[in-house]
Every structure is written in structure tokens, then in C-alpha cells.
Amino acid sequence: MAGSNQTPYYTPTSKPSSATHPFSSWKKLNLYYLLASITFLCCACYYAGYLQHTNVGLTSNIASSTTTCFTSQNTTSLFSSSSSSSSQLDFSTHHAAGDGGAVAPDDTVKIYPPCDVKYSEYTPCEDYQRSLKFNRDRLIYRERHCPEKSEFLKCRIPAPYGYKNPFKWPLSRDLVWYNNVPHRELTVEKAVQNWIRYEGDRFRFPGGGTMFPNGADAYIDDIGELINLKDGSIRTAIDTGCGVASWGAYLLSRNILAMSFAPRDTHEGQVQFALERGVPALIGVIASKRLPYPSRAFDMAHCSRCLIPWGEYDGTYLIEVDRVLRPGGYWILSGPPIHWRKYWKGWDRTKEDLNAEQTKIEQVARSLCWKKIVEKNDIAIWQKPYNHLHCKELRTASKTPPLCPAQDPDRAWYTEIETCLTPLPDVSSEEKVAGGQLEKWPKRLHAIPSRISRGTVNGVTVDTFKKDSQLWKRRVSYYKTVNNQLGQSGRYRNLLDMNAYLAGFAANLVDDPVWVMNIVPAEAKINTLGVIFERGLIGTYQSWCEAMSTYPRTYDLIHADSVFTLYKDRCEMEDILLEMDRILRPEGSVIIRDDVDTLIKVKRITDGLNWDSQIVDHEDGPLEREKLLFAVKSYWTAPSTQESKVS
């Protein structure tokens, strides 16, 4: 399909002008003959079109001057039927290497060549060489530092030679193909901690960790004896310094969805392993900027020997955890300095040093009005108060940290982190939960989110939420008829919604073995990410004028609703599509919703990216200007001659 110089199919919605109307010279005929003639010609056109599509099938591109009459039901059946023509989209995986991504030259389509193999793991905003230009204090150099526009790559990131589609979930939790993440450093560095094993052509993840001597599952069971992980009150979690995200991986079987993050490694690729396993993760670090999540987002926060200096810098990092933790939420800490009296010799630190560290942590936690509910063996757990009524009384004498002045606690895209306590919404009594009591999972998913029922999200009402829920139920059902593999268990695992709004897309896939990273663009008029977390789903902020904090080949399916309309005149369409190509797996799928004129431009670029794409009608029929583009990224890898450079 790449290299085509024809305009993709769409159903015209405007009428021809009178100057070009085939009956313009018949104006003096009476109305009866005019209507009869029009009726006859329309029927003839319809019959001719029917014969055309019956005999030659649906093609992905037709001349812009041709008007083709067929319904979206015809389109759907052709995409879904195994007996359709060779030009239909193929959503299945094949694991067959192509020719390195070569595309036939074409004068009318801009061809995007493969990048050099050295870029196979390129993460533009976490580039190691660029990071060295920034301050190493407080790990600022490991924050997002994106390239200038003049530095943007205009080529397609190659997969390593021998790349294969990942194992299907849940097998992928334990197995990853070596060629997909060709790094053995962790197998040596963490050999005694049972993180990862190298077994021929694959890695195995036994579920171990530095603080998980009996495996992550047993560790989570230990936590479950201290707080309730089974009643649905804990649904969203955040894991700081996640390693290969085994904690988050094993929480999934308990219906707890964890957002795992760690800095971009110079050689180990821990977050890359997490994503390859099919576990939600992002590249990130607590440094000088707020974490890219709204306030009151997570039911539980976790650090297992994550090496974050929680008591330093006036408790800044723990104050940030407090901002994103839901009222009544838990903070779990294991590893140094917890239980230091037993382990101090093995940690190669003095008793005085470890005691001082724990004392600082305890002091910061008390200043945040957290209550330490248990310290048992290797685990300590604190709980955030349900509201700040009692906390304000306790803080009359001590004003460290001070309460933050009036601000937007949900603003978190390149927002400076602050050493002040984010006040919780006011309540009328100590028994009330600040911001509103949330339903337990799974009722939480479809219940009216507290932010909406309380009227704190501008322009979003209870009625808006209900209508949006019904809308996306119908849309996702339609998607599954066009791409019938979307409904097949195991075909996709990691999904990305580039403009999630109220997360209706994700909510209607919650029973499938997938997870969705819901993005609320930094440029969106309404900040709805807090609503998404209140539904028991996860997501982050992102500007699509920049690269995402994730590795190449992260997602199996990308959904983009009105993204290109949102970013019109803000940044280049080709740069957004090149970023989509970077983070999409070979043979991954894309669904783009937008105005038909926009999609024609999008398709021109996707042809140059060597995607197999097709524009189809809106679920409400051909008269809607909004259309959908379904696409599949082609399978190709770096040439075999370069294998030694990526090993």
C-alpha cells in the first residue's frame, strides 16, 4: 500500500455544485422528468458500484474523482472475513522478517527510511547522551529532556534482528524473547536475587526481587496479611523504582492495577523488560518535577529498596507521594532502613546511619499526618488520613511543611515539585472522606466518579458521563467487527489511548486480557485524568508534540480519537505519526478517528511509513464526516548483518 498515489476511500458528504451538475442544461424540463432521470441514474450508479465491489473486492485507494457507494457493513465484512481479497487489512501476527523496511520509491508519497540500527532502543526524551548535559544532583539529569525540533528523527526505528511478537499473556509475565531485549546485564547483576534468568533464546522471570526472597507472589501475600487487598478497596497502585515490575505483574491477578516506573537505565532496560512482559510501566523518576499524575490518584504506593532518599530535601519526595495518594491510601516501604537492626551488616551501612534515615522518614510521615499502622519483618506501612480536619488542628504548632497555597493539585506536566502539603478537599466531619467515598472495584468502573458528581470537572456532568459510557460501548463493539482480532484473547496486551477523555475506550475492554494506558493530552481543554483514576483505571499526562517516556515497540494497539484535530497548528502531523510508529510493535494495530479530510492526510503519511491502512465509515454510517482509519504496522527488523551491533 505504501507508494500509492491515489486518494483513500471516503464517502463524500457534500453535494456537487450546480456548475458541474450533469443535469444543468436540462433546467427547462418539467420537474417530473428531472426527478425520474435522477432516480434512474442513481440506481444505475449503485448497481455499477455493487458489481465493481463484487468482482474486484474493496481496494484501499481509489481515485479522488470516483464516488463509490457501499455501506460500512460491507467494509466490516471484508475486513473481518478470512476469504476477503488480498488488499484487506491483516491484523494477525506472522513473525516473518521482511526486507528491512524497503519501500518502492514514489514521487507523490514521502518515504520514511529505516533509522540506523543504533536507534533500535531510542527514547528521545530520555536520551543518555543528552542527559549528561544536565545537573546530576537529585537525579535531574534523568528527567525528561526532549530534543529540539531540528533534532527530530525523520526515519523509522528498527526492531532488533530476530525480533518476535511477545508471548501471549499470561505466559509473557514469565517469558520474554532474548532478541526483543538483547541485554544480559541483569542476569549477572541480579543473579542471586532471582530477578531474571537467561535460558537460550529467552529470558525467564521467576518473580524474585531484592526484597522478594520467596517471590513477588509470597511478598504480596505478606502485605495482604497487613492490609486488605481482596475487598476491592485497593484498585490502583504506584511502584516507585519498579525494577522489572514483578510487584505490579503479580498484583494483576488480584485485580490491582499498578503504575510501575523507574529511570531510563544506561544498560539494563528494566522498564523495557516490564513492558515486554505485558505489565504497565513508564520511564520516570522523582526529581524536580511532579510525577505526571493527578492528585488523589492511587490507593496504594510502594517502594521496595527503590533507593529514593525519602527523608532528604525536606521530605520533598514523600510529600509528592502524599499528593498522588488517595485519602486513606497506603504507603508501603520495604528494605533499608526498615528492620535495620537485623540487616545493617548485610547492607554495608552503620547502625547510626540507618537509624538516622528511618528517623527522618518517620518525622516527614508525621508532618503529613500519616499514621504508621504496622512494621513487621521487612515491611512498614503508613496510612494517609481520610481528610485534613484533624491534621489542621495538629499542625497549629508545627507548620512544616506548610499547606500549599491555592493551586491546581492535578496540574502535573512539567510542574515544579513543591515542599508543601497539598490540602485535601474540605469535609463537614471527621468521618467524611475528602473528595468523596469511592465504590469498591469493580463497581467503581461504572459508578459516577466523585469529581463529576461533585461538579469539580468543568463541562462534565453526570449526564455527560452516562452518555459517554453508552457511546463507547457502541464504538468498541464496532471496532471489534472491523478488527475482529481486537476481541480475540491474547492478540493484544499493551494498549494506548492517546486522547482518553473519560476512558470509555478502556472501560469497555476491562474484561479482556489487556490493559490501557490512558493519556490526557497536556493541551486538552478539560483535565479528566483524575476521573480516569477514580474509575479504577490508569493513565498519564502527555504532549504529543513530544515523545512519550517509553521504549520503542511498547504497544500492541494504539487508539487516537481526534488527536490530529487537537494538534492542528500545534505540531507536525508526521512527527506524531513517527512517534506512533516508534512505540508501536511490528504488526501492531492502529485505530484513528478524525475528520475525513484529516484522515486523508494521515493516510498519505502512513503509506510512507509502510503501514497497511484503510479508511472506513463511522459507526453511524457514511454520512458522518468523521471517519476511522484502521492500520497495521508492517513487520520488519534491522538487517541480519547488523546483529552483532545490537547484542
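# Two sheets, their helices and some backbone details

User: In which loop is Pro337 found?
Analyst: This is a predicted model. A cis peptide bond joins Pro336 and Pro337. Its omega is about 5°. Pro337 sits in the loop between strand 8 (325-334) and helix 9 (340-343).

User: Which residue does a cis peptide bond join to Trp441?
Analyst: Omega is about 10° at this cis bond. The partner lies in the loop between helix 11 (389-394) and helix 12 (443-446). The residue joined to Trp441 is Pro442.

User: Is Ala245 buried or exposed?
Analyst: Ala245 is not a glycine, yet its phi is positive, about 65°. The residue lies in the loop between strand 4 (236-240) and helix 6 (246-251). Its relative accessibility is 0%, and the cut-off for burial is under 20%. Ala245 therefore counts as buried.

User: What is the relative accessibility of Tyr501?
Analyst: Tyr501 also has a positive phi without being glycine, near 55°. Its place is the loop between strand 11 (494-497) and helix 15 (504-507). Tyr501 counts as partly exposed, because its relative accessibility is 31%.

User: How many Å apart are Asn527 and Tyr501 in space, C-alpha to C-alpha?
Analyst: Asn527 is in the loop between strand 12 (515-521) and helix 16 (529-534). At 30% relative accessibility, Asn527 counts as partly exposed. In sequence, Asn527 and Tyr501 are 26 residues apart. In space, their C-alpha atoms are separated by 8.2 Å.

User: With which residues is Asn527 in contact, leaving aside its neighbours within four places in sequence?
Analyst: The loop that holds Asn527 follows strand 12 (515-521) and leads to helix 16 (529-534). Once neighbours within four places are set aside, the contacts of Asn527 are Asp410, Val457, Val520 and Tyr541.

User: Why do strand 6 and strand 9 stand at the edges?
Analyst: Seven strands form an open sheet with mixed pairing, in the order 6-5-4-7-8-10-9. Strand 6 (281-283) and strand 9 (371-376) are at its edges, so one side of each has no neighbour in the sheet. From one strand to the next, the twist averages 20°. The reason for the edge position is that each has a single partner strand.

User: Which residue is the bridge partner of Lys376 in strand 10?
Analyst: Strand 9 and strand 10 (residues 379-383) run antiparallel. Five bridges join them. In strand 10, Lys376 is paired with Ile379.

User: At about what angle does helix 10 run to strand 9?
Analyst: Helix 10 spans residues 351-367. It lies across strand 8, strand 9 and strand 10. To strand 9 it runs at about 145°.

User: Which are the edge strands, where each pairs on one side only?
Analyst: A further open sheet holds seven strands, in the order 13-12-11-14-15-17-16, again with mixed pairing. Pairing on one side only marks the edge strands as strand 13 (539-542) and strand 16 (611-616).

User: By how many degrees are neighbouring strands of this sheet turned against each other on average?
Analyst: The sheet has the strand order 13-12-11-14-15-17-16. With direction ignored, the average turn between its neighbouring strands is 20°.

User: In strand 14, which residue is the bridge partner of Leu495?
Analyst: Strand 11 and strand 14 (residues 555-561) run parallel. Three bridges join them. Leu495 has as its bridge partner Leu557.

User: How far apart are the end C-alpha atoms of helix 14?
Analyst: Helix 14 takes in 21 residues, 462-482. At 1.5 Å a residue, it should span 30 Å. The distance between its end C-alpha atoms agrees with that, at 31 Å.

User: At about what angle does helix 14 run to strand 17?
Analyst: Helix 14 has buried residues, among them Phe465, Trp472 and Tyr479. The helix lies across strand 14, strand 15 (584-595), strand 16 and strand 17 (626-633). Its angle to strand 17 is about 45°.

User: Helix 18 runs at about 145° to which strand?
Analyst: Helix 18 covers residues 573-583. It lies across strand 11, strand 14, strand 15, strand 16 and strand 17. The 145° angle is to strand 15.

User: About how much space lies in the largest cavity?
Analyst: The structure holds six cavities of 30 Å³ or more. Twelve residues line the largest cavity. Glu126, Tyr128, Ser131, Arg142 and Arg264 lie nearest its centre. The space in the largest cavity is about 110 Å³.

Methods. Residues numbered from 1 in each chain as written. Predicted model: local features only at pLDDT ≥ 70, side-chain atom pairs only at ≥ 80, totals over all residues. Heavy atoms only, no water. Helix = DSSP H or I, 4+ residues; strand = E, 2+ residues; numbered from the N terminus. Buried < 20%, exposed > 50% of the residue type's maximum accessible area, 1.4 Å probe, protein only. Expected span 1.5 Å × (residues − 1). Pairing = 2+ DSSP bridges. Axes fitted to C-alpha atoms, helices over the stretch in contact; angles between N-to-C directions. Contact = heavy atoms within 4.5 Å. 1 Å grid on protein atoms, 1.4 Å probe; cavity = no way out; pocket = protein on both sides within 12 Å on 5 of 7 lines; lining within 4 Å. Points joined across faces, edges and corners; volume = space filled by probe spheres on them.
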